[in-house]
Amino acid sequence: MSDQVKQTVKKVFEDLATSLETGRMESRIKIGLTIDGSELGTEVMKQAAYAIKQKNLFDLVLIGKDVDWAADFEHYSTTACQKDSAELMEELLDSGELQGCVTLHYNFPIGVSTVGKVVTPALGRELFIATTTGTTSSIRNEAMVLNAINGIAAAKACGIQQPTIGILNIEGAKTVERSLTTLQENGYELVFGESQREDGGKVLRGNDLLLGSVDVVVCDSLTGNLLMKFFSAYSSGGNYETVGAGYGPGIGRNYERNICIISRASGAPVIANALEYAYELAKGKLGKISQTEYQKADQAGLKQVCLELSTVPTSEVKEIEPPPKEIVTSEIAGIEIMELEDAVKVLWEADIYAESGMGCTGPIVLVNEKNLAAAQAELKTAKYL
């Protein structure tokens, strides 16, 4: 009997066992985990994997280098390079073999950002932080409006039918509140929560984060990233995240992949929670829900709201068109992820064709080999390197 036939027979029996156990004739959800790149080593991955295996909610699929414990799981072997794992993860998600994946780093396109999930210390409530990594828009207030939609989508996919939202008291909060109120008045089903401070309001203080006064807190990604780190590692000294479900899935208009992010400092409890978060999102049809939310928001005038937030005086607008496309094989690493797209445009302006991408060491700028030295010089001059 060939290996392929054996795998087919195995899957048939697994599906039959699942139907007898659950009463439903459907395939089990498969969630991937890339196991390379943690600062804490693969031991935390192993602990999280076996914690998930014991719960038996879904099938866990490992992606990464060979480890002795991988034999207990379905495993796609790759080199130690995160780029290989990321490319394989994309293939498995796009083919439908995986319904979600947890990974340590991923270069989401502009327009997509992640919604993290933590447990608040005061009352033990779950809180969605929208957003924690990625760039929904290069214009901060517009990004926060879109982040609200992303947060609502994540919460709904996890079973909260009418999630309440609040806006963190940071620069632009009142502008964002007005924009979201406009969408609400135009018919978008958006439910504001209330600050627990005496004067109330839709703008949240730090106390509200500790209490979990709302289901979704809206902020920019950099602030959200800091919040995730504080909530996740406040009891461990900072080098081992113990609480929460990680930095969450990338969500954006017309974005379908269920890719959830953890940190290189995420410990086994957070990794296991992130895997369950990815499972909840897959079961709740995150992709479908997020697109529905964007459609509803569009009907309530989202594009006009964003246009008003992004409009600047004509004298300040500088459109940069890319030079003619070239084959790009040379990598330039060491650029901050939040500045990656700006760095690409600096090279375009210097008549050097470039693209952003993901390398073995993180975010990269790709250029043609003949332009490598000139591109590095331009980026150093512009202080991106």
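These are my notes on a few lookups in a predicted model of a protein chain.

Confidence. I began with pLDDT, which averages 90 over the chain, with 90% of the residues scoring at least 70. I then looked for a weak stretch and noted residues 313-317, where pLDDT stays under 50. For that stretch the model has 1 contact beyond four places in sequence.

Cores. I looked up the largest nonpolar core and found 94 residues in it. The members that touch the most other members are Leu 33, Met 45, Ile 129, Leu 180, Leu 275 and Leu 302. I also noted a second, separate core of 19 residues, with Ala 343, Leu 347, Ile 364 and Ala 375 among them. I took Ile 129 from the larger set and listed its contacts, leaving aside neighbours within four places in sequence. They include Thr 114, Val 115, Gly 116 and Val 118, and further along the chain Val 217, Cys 219, Gly 224, Leu 227, Met 228 and Phe 231.

Helix α4. I checked residues 140-157, which form this helix of 18 residues. From first C-alpha to last it reaches 25 Å, close to the 26 Å expected at 1.5 Å a residue. Of its 18 residues, 16 are buried, so I wrote it down as mostly covered. Gly 159 follows α4 and has a positive phi, near 100 degrees.

Asp 208. I found this residue in helix α6, residues 206-211. Asp 208 is buried but has no salt bridge. The nearest side chain of opposite charge is Arg 205, 5.1 Å away; the salt-bridge cut-off is 4 Å, so the pair does not count. Not counting residues up to four places away in sequence, Asp 208 touches Ser 195, Gln 196, Arg 197 and Ser 213.

Notes: Residues numbered from 1 in each chain as written. Predicted model: local features only at pLDDT ≥ 70, side-chain atom pairs only at ≥ 80, totals over all residues. Heavy atoms only, no water. pLDDT = per-residue confidence, 0-100. Contact = heavy atoms within 4.5 Å. Core = buried A, V, L, I, M, F, W, Y, C linked by side-chain atoms within 4.5 Å. Buried < 20%, exposed > 50% of the residue type's maximum accessible area, 1.4 Å probe, protein only. Helix = DSSP H or I, 4+ residues; strand = E, 2+ residues; numbered from the N terminus. Expected span 1.5 Å × (residues − 1). Lys, Arg positive; Asp, Glu negative; His and termini not counted.
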